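Q: I have a protein model open here and would like to go through it. Could we begin with the overall fold and then turn to the side chains?

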Amino acid sequence: MKQQTSNIEAEKVEKKGEWKLFVFLTVFLFPIIATVSVFGYGFVIWMSHILFGLPTH
């Protein structure tokens, strides 16, 4: 009986950790990655214009 109670408590702790990870990913990590990637792409375009000039027809 003690083993079953231990398993239930372990599942509760695991689910709590999964929710914390989900909130961290959706609220912090993914927006930061998206912002950095957009800024990085803009920086690459800006530097290419400085080094090679504006695109011509």
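Q: What does the secondary structure come to?
A: This is a predicted model, and its secondary structure consists of one helix and zero strands. The helix, H1, covers residues 2–52.

Q: What share of the 57 residues is buried?
A: Buried residues account for 0% of the 57 residues.

Q: And how much area does the protein expose?
A: The exposed area is about 5,600 Å², and 73% of it is supplied by carbon and sulfur atoms.

Q: Turning to the rings, how many aromatic pairs are there?
A: The structure holds three aromatic pairs. In one of them, the ring centres of Trp19 and Phe22 are 5.7 Å apart. Their planes stand at 90°, so this pair is edge-to-face, the cut-off being over 60 degrees.

Q: Where do Trp19 and Phe22 lie?
A: Both are in helix H1, three residues apart, which is about one turn of the helix.

Q: Is Trp19 buried or exposed?
A: Trp19 is exposed, because its relative accessible area is 58% and the exposed class begins over 50%. Phe22, at 45% relative accessibility, is partly exposed.

Q: What about Phe24 and Phe28, how are their rings arranged?
A: The ring centres of Phe24 and Phe28 are 6.1 Å apart with the planes at 35°, so that pair is tilted. Phe24 and Phe28 are four residues apart in helix H1, hence about one helical turn.

Q: How accessible is each of them, Phe24 and Phe28?
A: Phe24 is partly exposed at 42% relative accessibility. Phe28 is also partly exposed, at 47%.

Q: Now the surface: which residues make the nonpolar patch?
A: The patch of about 1,200 Å² includes the four aromatic residues discussed above, Trp19, Phe22, Phe24 and Phe28. Among its other members are Leu21, Val23, Val27, Leu29, Phe30, Ile32, Ile33 and Val36.

Q: Where is Ile32 placed?
A: Ile32 is in helix H1.

Key
Residues numbered from 1 in each chain as written. Predicted model: local features only at pLDDT ≥ 70, side-chain atom pairs only at ≥ 80, totals over all residues. Heavy atoms only, no water. Phe/Tyr/Trp six-rings, centres within 6.5 Å; stacked < 30°, edge-to-face > 60°. Helix = DSSP H or I, 4+ residues; strand = E, 2+ residues; numbered from the N terminus. Buried < 20%, exposed > 50% of the residue type's maximum accessible area, 1.4 Å probe, protein only. Patch = residues over 30% accessible without salt bridge, like charges linked within 9 Å, V, L, I, M, F, W, Y side chains within 5 Å. Areas by Shrake-Rupley, 256 points an atom, 1.4 Å probe, with all protein chains shown as cover. Salt bridge = Lys/Arg side-chain N within 4 Å of Asp/Glu carboxyl O.
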